[in-house]
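Q: I should like to learn how to read charged residues and sheet pairing in a structural model. Could we work through one example together?

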Amino acid sequence: QVQLVESGGGLVQPGGSLRLSCVASGSIISAYHMGWYRQAPGKQREWVARITNRGATTYADSVKGRFTVSRDNAKNTVFLQMNSLKPEDTGVYYCYEESFNFWGQGTQVTVSS
């Protein structure tokens with residue numbers, strides 16, 4: 001079983017940046033497709049980005065050009081670099097593993113002046 005732990009969230013002003021990390025334990029994730037979802041208050045969970053085991057990436061239209069998903073298999077970690085943040089990016093960000101549907105506990109991102 002894979003345990004996923006996110007970190008790196010916080011309060012940032014509009015236009016700022018944050019880098020989220022998702023550290024996996026219990027299994028090596030290099031063979032897995034991984035990604036990020038987010039959930040804003042009162043809204044459904046929304047898919048944000050995905051990275052395959054070979055490093056191919058896809059993004060939601062709402063974050064394309066601003067967010068970058070990457071992975072460091074040697075550190076068993078997936079990252080989400082978020083630039084040019086907007087208030088509508090506020091929410092809890094969750095890391096997930098696609099094949100077995102493992103999820104982390106989430107990290108809060110708040111974009112506000």
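**Buried charges and sheet edges**

A: Let us begin with a buried acid: Asp89 has a relative accessible area of 0% and is therefore counted as buried. Please keep in mind throughout that the model is predicted.

Q: Which residue forms a salt bridge with Asp89 at 2.8 Å between the closest N and O atoms?

A: For a salt bridge, one looks for a side-chain nitrogen of Lys or Arg within 4 Å of a carboxyl oxygen of Asp or Glu. Here Arg66 is such a partner of Asp89, with the closest N and O atoms 2.8 Å apart. Arg66 lies in the loop between β6 (57-59) and β7, whereas Asp89 lies in the loop between β8 and β9, so this pair ties together parts that are 23 residues apart in sequence. Both Arg66 and Asp89 are buried.

Q: Which residues are joined into one network by salt bridges that share partners?

A: The network comprises Arg38, Glu46, Arg66 and Asp89. The structure holds five salt bridges, and we may follow those of Arg38. The side chains of Arg38 and Asp89 meet in a salt bridge at 2.9 Å, N to O. That pair links distant parts of the chain, with Arg38 in strand β4 and Asp89 in the loop between β8 (77-82) and β9, 51 residues apart. Arg38 also forms a salt bridge with Glu46, where the closest N and O atoms are 2.8 Å apart.

Q: Are Arg38 and Glu46 buried or exposed?

A: The reading rests on relative accessible area, where buried means under 20% and exposed means over 50%. Arg38 counts as buried because its relative accessibility is 5%. Glu46, with a relative accessible area of 31%, is partly exposed.

Q: What else surrounds Arg38, and where does this residue lie?

A: Arg38 belongs to strand β4, which covers residues 34-39. Its side chain makes a polar contact of 2.9 Å with the side chain of Tyr93. Beyond neighbours within four places in sequence, the residues in contact with Arg38 include Gln44, Arg45, Val48, Ser62, Val63, Phe67, Glu88 and Val92.

Q: How should one read Glu97, and what is its nearest side chain of opposite charge?

A: A buried charge should be checked for both ionic and polar partners. Glu97 is buried yet has no salt bridge, and the nearest side chain of opposite charge, that of Arg71, is 8.3 Å away. A polar atom of the Glu97 side chain does lie 2.7 Å from the backbone nitrogen of Phe100. Glu97 sits in strand β9 (residues 91-97). Residues up to four places away in sequence aside, Glu97 touches Leu4, Tyr32, His33, Met34 and Phe102.

Q: Turning to the sheet, what is the order of strands in the open sheet of four?

A: To read a sheet, one lists the strands in spatial order and then looks for its edges. The order here is β1-β3-β8-β7, and the pairing is antiparallel. The edge strands are β1 (3-7) and β7 (67-72); each has a single partner strand, so one side of each is left without a neighbour in the sheet. From one strand to the next, the twist averages 15°.

Q: How many bridges join β1 and β3?

A: β1 and strand β3 (residues 18-25) pair in the antiparallel sense over five bridges. To see the register, take Ser7, whose bridge partner in β3 is Ser21.

How values were computed:
Residues numbered from 1 in each chain as written. Predicted model: local features only at pLDDT ≥ 70, side-chain atom pairs only at ≥ 80, totals over all residues. Heavy atoms only, no water. Helix = DSSP H or I, 4+ residues; strand = E, 2+ residues; numbered from the N terminus. Polar contact = N/O pair within 3.5 Å; in protein donor to acceptor, adjacent residues only side chain to side chain. Contact = heavy atoms within 4.5 Å. Buried < 20%, exposed > 50% of the residue type's maximum accessible area, 1.4 Å probe, protein only. Lys, Arg positive; Asp, Glu negative; His and termini not counted. Pairing = 2+ DSSP bridges. Axes fitted to C-alpha atoms, helices over the stretch in contact; angles between N-to-C directions.
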